[in-house]
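Please look through the sequence and the model shown here, and follow how the strands are arranged before turning to the loops around them.

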Amino acid sequence: MKTDTNWKKIDEMQALVNSTNEDELKSLTSMVKAHREILTKRKIKELRINDKVEFISKSRIITGKITKVNIKRVVVETNEGNWNVPASMLTVTTWNT
């Protein structure tokens, strides 16, 4: 799984958060929640039934295929059974079955 983390940007955001008052922090929290909803909707639009995907659960990578796409979560069929996974946790892959 690929993770691109810009640590400099994260440090700058942490400094900004540390300098906010309570009202500013509430506004920032609302903005983060709204942006997460937008990202989830974008991700859901990209996913299709039978896409091969992977996600991390308890420090291990689990692979499977999508059997159902709901509003925010996706049902993934794996060798271990069906999982109801948040769309944001999924990465589309090209692994062989």
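**The sheet and two of its neighbouring loops**

In this predicted model, Phe55 has Ile62 of strand 2 as its bridge partner. That pair can serve as an entry point to the pairing of strand 1, residues 52-57, with strand 2, residues 60-69, which run antiparallel and are joined by six bridges.

From there the view can be widened to the whole sheet, which is open and is formed by five strands in the order 4-3-2-1-5, with antiparallel pairing. Its edges are strand 4 (81-86) and strand 5 (91-92), each of which pairs on one side only. In a regular strand, side chains point alternately to one face of the sheet and the other.

Towards the edge formed by strand 4, strand 3, residues 73-78, pairs with strand 4 in the antiparallel sense over six bridges, and the two strands form a hairpin with two residues between them. Within this pairing, Val76 has Trp83 of strand 4 as its bridge partner.

The loops next to strand 1 deserve a separate look, and here the backbone angle phi is the thing to follow. Most residues other than glycine have a negative phi. Asn50, which lies in the loop between helix 2 (22-46) and strand 1, has a positive phi of about 80° although it is not a glycine. Ser59, found in the loop between strand 1 and strand 2, likewise has a positive phi, near 65°, in a residue other than glycine. Is Ser59 buried or exposed? Ser59 counts as exposed because its relative accessibility is 76%, and the cut-off for exposed is over 50%.

Technical notes: Residues numbered from 1 in each chain as written. Predicted model: local features only at pLDDT ≥ 70, side-chain atom pairs only at ≥ 80, totals over all residues. Heavy atoms only, no water. Pairing = 2+ DSSP bridges. Helix = DSSP H or I, 4+ residues; strand = E, 2+ residues; numbered from the N terminus. Buried < 20%, exposed > 50% of the residue type's maximum accessible area, 1.4 Å probe, protein only.
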